[in-house]
Structures are given as C-alpha cells and as structure tokens.
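Student: Got a minute to walk me through this fold? I'd like to start with how a helix sits on the sheet.

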Amino acid sequence: MAASLEELEQRLSHLRTELRGAVRARDKAETARIRRALREAETAWEQALETEAGPDGEALLTEPPAPQTSATTGAPRRKERPTHGSIPIREQVHQALTLLGAPASPKLISSTYEAFFTESLVATKLASLRRDEERSFTAQGYARPYYICAALTHDRLVPARGLLALSTWPVERRIIGPLSPRTDFLTHAVGTAEQIQRLNTAEHPTPDAAWRLLRRFALTIPGAYDGAAPEPDPARVIAAAHAEAAVHQQEDAQQRQTAAQRARAQLADVQQLFGAAPMRDALRDASGTLS
C-alpha cells in the first residue's frame, strides 16, 4: 500500500535528522545511504502529491516540504508561501535571467525563479511571452528599459529554439555557437552559486530548492561536488565551473564575436533582438503560401 503524504513527510523529516547525525559523525557510508533514501522519499512525496492533486495535474505546492533545519547550518529553514499574480511574468523572467547570466530555457528559468523567490513561475506561460515582447518592441521601439528576447543561432542568426535572453545583453552574449550551450551552463552554475553565497545566512538560510538546483549543476561539472557533503559548496562549484570554462571560452568567444559582427551589419534592431526570419517564414511572406 502506498504511503500517504503525511507518512512521507514524517519520513523526510526523520531522514534529514539522521543525515545531520551521519554528517557530524563523518560516516561517509551512512551519509551516502541516507542520501539515497532521502532522494527516494522525495520522489515518492512528489508522486503522491501529483496523485492527490487530481486529474488536472496541478498541485497546490510546487516543491517538497521544507525540512525542519538546514543540513549545513542546523538553523531553522525559512517557510515560504507563494503568492500568485503580484509580479508580472516578464519581471519574473527578467529576475531569473539576470541571476543566471546567460540565455536559458523556460524550464530552467521557472526552476531558478521558484528556487530563490516566493512566487511560482509556470513555464508554459512563457510560450507566447517572446512574441508579445517582439510586438511591443516593433510598436514602441526602446520605450521599455528591457525586453525578453531571443538567443540567436551563430550561423543563420535566427531565434535559437527554446532559449530566452535579455535585450540589455550585448549581441555576443545572446549568440549560441557550437560550444555555447556548455559555456552558458557553466555561467548558470556560477550565477546560482553566487546567489546562494549572497543570501545564505544562519538567520535566513537558502531554501532547499536552491540547493537542489545548485546540486544539479555541480553533479555534471568535474570537481564541483563532494558526494559526502550534505550540500554543494558554492565556492567549490564556482572554482570548478571557471576551470572548465577556461578550456572552451576563447574559441566560444571568437565564434560569438564573429556572428555578432554579422548580426550588427545585416540585421535591423528588431532582428538583432528577436532574430532574422527563418527561411520558411521568408518563403511564406514572399508567396503568401508555403510550397
């Protein structure tokens, strides 16, 4: 019989208490065992929550329940309740992208915003945002201080599928070349780690969702994560990300700069922000139909 939400929440709390004890005792084998059990319990909790939410699939909560204390400081975790609708979605996206520092997918933007701020950001609501921003820029020009715009492919200068950026970034920063997905990933990791460093104190500890986000980055960066530690070390993540980025940065920067020079020479302002029309659109505009 499947465990109830209440039973799973009690188990999560119990496992986190055990984890603190194992970490203090420096028992690496027990720490690893408890961490595996904790991940399994968190997965079961999320599945139980989705079941309870009903056929529409929308749960009242978007994150597992916060633990009673921080695994790193022992201080009480901050409990936060999302308040919906008070911040415009474009401002939410702006805040998340500013934190990440490089073009990102709607899913990552949503995860980042929900990890550090008190409101939820539904990724599916971003589908039409870029088109709305393009219409606004076409009508008003630079009337707004920023626009949510597109990342551009380095070869065709068309919108890079599924990536959003900020108009205040230079074109080079919004170009996506062959090495850019990895270098941007490392930039995201550094931005997340730096935000945790700025926010994390004993009085106001960083939410669990932010630590989980940092862990996702750290696990795929060589040297960034100590599996025996209860949480990733932000300084270690930053150092490891910079070390890997140095391998790719020069070639990636050259490719971006070359593409940016072409964009400035060939594209109008609106196209530099939202991309040149793909060939399919150009054919449609010329003939009225697409053969």
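Tutor: Helix α3 (residues 89-100) lies across β1 and β2, running at about 90° to β2. Axes here are lines fitted to C-alpha atoms, for helices over the stretch in contact, with angles from 0 to 180 degrees between N-to-C directions; contact means heavy atoms within 4.5 Å. Helices (H or I, at least four residues) and strands (E, at least two) are DSSP runs, numbered from the N terminus.

Student: Before I trust that, what's the source?

Tutor: This is a predicted model, where local features need pLDDT of at least 70, side-chain atom pairs count only at pLDDT 80 or more, and totals for chains, interfaces and linings use all residues. Residues are numbered from 1 along each chain as its sequence is written, and side-chain values use heavy atoms, leaving out hydrogens and water.

Student: OK, what's the strand order in the sheet?

Tutor: β2-β1-β3, an open sheet of three strands with mixed pairing. Two strands pair if DSSP finds at least two bridges between them. β2 (159-166) and β3 (175-176) are at the edges with a single partner strand each, so one side of each has no neighbour in the sheet.

Student: And how many bridges join β1 to β3?

Tutor: Two, and those strands run parallel. With β2, strand β1 (residues 148-153) pairs in the antiparallel sense over four bridges.

Student: Which residues does Leu 152 partner with?

Tutor: Pro 159 is its bridge partner in β2, and Ile 175 is its bridge partner in β3. Ile 148, for its part, stands opposite Leu 166 in β2.

Student: Is β1 enclosed or open, and why?

Tutor: Largely enclosed by the rest of the structure, because six of its six residues are buried. Buried means under 20% relative accessible area, exposed over 50%, partly exposed in between (1.4 Å probe, protein chains only).

Student: Switching to the core: which residues touch the most other members?

Tutor: Val 93, Leu 97 and Ile 109, out of 45 residues in the largest nonpolar core. Such a core is a set of buried Ala, Val, Leu, Ile, Met, Phe, Trp, Tyr and Cys residues joined through side-chain atoms within 4.5 Å. Helix α8 (residues 208-218) gives the largest share, seven residues. Another core, of 10 residues, lies apart from it and includes Ala 150 and Leu 152.

Student: What about Thr 192, buried or exposed?

Tutor: Buried, with a relative accessible area of 0%. Thr 192 is in helix α7 (residues 180-199), and its contacts include Leu 99, Phe 116 and Phe 217, not counting residues up to four places away in sequence.
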